[in-house]
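Biologist: Before we go through this model together, could you set it out so that we can both look at it while we talk?

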Amino acid sequence: MVIDDKINSLRLVSGGCINDAKIITTKSGKSYFVKTNSNSKKDMFSKEANGLRELAKANVIRVPNVNYVDDDFIIIENIASHTKIKSFWENFGRDFARLHKFLSKSFGLYEDNYIGSTQQLNIPSEIESVSWVEFYFNKRLLFQYKLAEQNGYAGEELHKVFFQLESKISSILIDCDAKPSLLHGDLWSGNFITDETGNACLIDPAVYYGHREADLAMTKLFGGFESRFYSAYNEEYPLVAGYEYRENIYKLYHVLNHLNLFGSGYYHQAVSLIKFYLQE
């Protein structure tokens, strides 16, 4: 539905790196968050809406309700930011673990979507649907590397170490017990808000079904969350041995994406993450 009420006020707010955003308040007192981007891919907002709806299926962590979506904008429930309650991080960690217990029969998703403004390939081949190694290497790492080549960011050193990594990916991910868990896909401190109950609400997802450690690794890319988050997560859904070793391989996807989005400032970090696995 489009807003069926008289608009009382419209306030410009931050919409992140790629969108413009407004908060609209209506005569009846309802509040909506509207994101617009006339330069965005035509299906970007519909894919965001589908990601929010997919997360809502687990009925574990709050996500904003989607009111309306079109090619050029999305209208969602406006959730004002509030103060965290004392048990915020423990609650968030436990609930995030419960989200990851929501499983699919296969890796990937029924549609491709976006991570930031970069296309994220989710539709698996037959073997990728049941093999996490195949899915992760092909749909995540190799796709981003080829995009870096197209963008002129894949220098000689990255080329060399990336294809050395290809021969090791199976041994890196062996015995990781990967199940197709429902993932937010891009969780960092900018992609959740604290709602009126003082608990977490997830926003701006890049949803697919994959290995849960990939979601946790992303939370640590920019400094990480409080330790209570990870302790509570592990109590609710204990991690498999070797998860710390695998963390860098999952960070690599996001660093390659940042290389493609923001340029060569991420080049040496990408090379360093790969070299971590070539020193053995």
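Biologist: How do the residues of the lining of the largest cavity divide into nonpolar, polar and charged?

Modeller: Bear in mind that this is a predicted model. The largest cavity is lined by Gly185, Tyr208, Ala214, Asp215, Met218 and His254. Tyr, Ala and Met count as nonpolar and Asp as charged, while Gly is placed among the polar residues. The lining of the largest cavity therefore divides, by these classes, into three nonpolar, two polar and one charged.

Biologist: Which helix gives the most to the lining of the largest cavity?

Modeller: The structure holds one cavity of 30 Å³ or more, and the volume of the largest cavity is about 30 Å³. Among the residues that line the largest cavity are Ala214, Asp215 and Met218. The element that gives the most to this lining, with three residues, spans residues 212–219 and is helix α6.

Biologist: Is Asn113 buried or exposed?

Modeller: Asn113 is found in strand β6, which covers residues 113–115. Its relative accessibility is 5%, and the cut-off for a buried residue is under 20%. Because of that 5% value, Asn113 counts as buried.

Biologist: Which backbone oxygen does the side chain of Asn113 reach?

Modeller: Leaving aside residues up to four places away in sequence, Asn113 touches Lys47, Thr118, Gln119, Gln120, Asn122, Ala206 and Val207. For one of these contacts there is a polar distance as well, since the side chain of Asn113 comes to 2.8 Å from the backbone oxygen of Val207.

Biologist: Which residues touch the most other members of the largest nonpolar core, and which helix gives the most to this core?

Modeller: The largest nonpolar core has 72 residues, of which Phe92, Leu141, Leu173 and Ile249 touch the most other members. With nine residues, the element that gives the most to this core is helix α3, residues 132–151. For Leu141, the contacts beyond four places in sequence include Phe162, Leu165, Ile169 and Ile249. The residues asked for are thus Phe92, Leu141, Leu173 and Ile249, and the helix is α3.

Biologist: What is the phi of Asn59, and is Asn59 buried or exposed?

Modeller: Asn59 is found in the loop between α1 (44–57) and β4 (66–69). Although Asn59 is not a glycine, its phi is positive, at about 55 degrees. Because its relative accessibility is 71%, Asn59 counts as exposed.

Biologist: What is the relative accessible area of Asp177?

Modeller: Asp177 lies in the loop between α5 (169–173) and β8 (181–183), and has a positive phi of about 55 degrees without being a glycine. Asp177 is partly exposed, because its relative accessible area is 46%.

Key. Residues numbered from 1 in each chain as written. Predicted model: local features only at pLDDT ≥ 70, side-chain atom pairs only at ≥ 80, totals over all residues. Heavy atoms only, no water. Helix = DSSP H or I, 4+ residues; strand = E, 2+ residues; numbered from the N terminus. Buried < 20%, exposed > 50% of the residue type's maximum accessible area, 1.4 Å probe, protein only. Polar contact = N/O pair within 3.5 Å; in protein donor to acceptor, adjacent residues only side chain to side chain. Contact = heavy atoms within 4.5 Å. Core = buried A, V, L, I, M, F, W, Y, C linked by side-chain atoms within 4.5 Å. 1 Å grid on protein atoms, 1.4 Å probe; cavity = no way out; pocket = protein on both sides within 12 Å on 5 of 7 lines; lining within 4 Å. Points joined across faces, edges and corners; volume = space filled by probe spheres on them.
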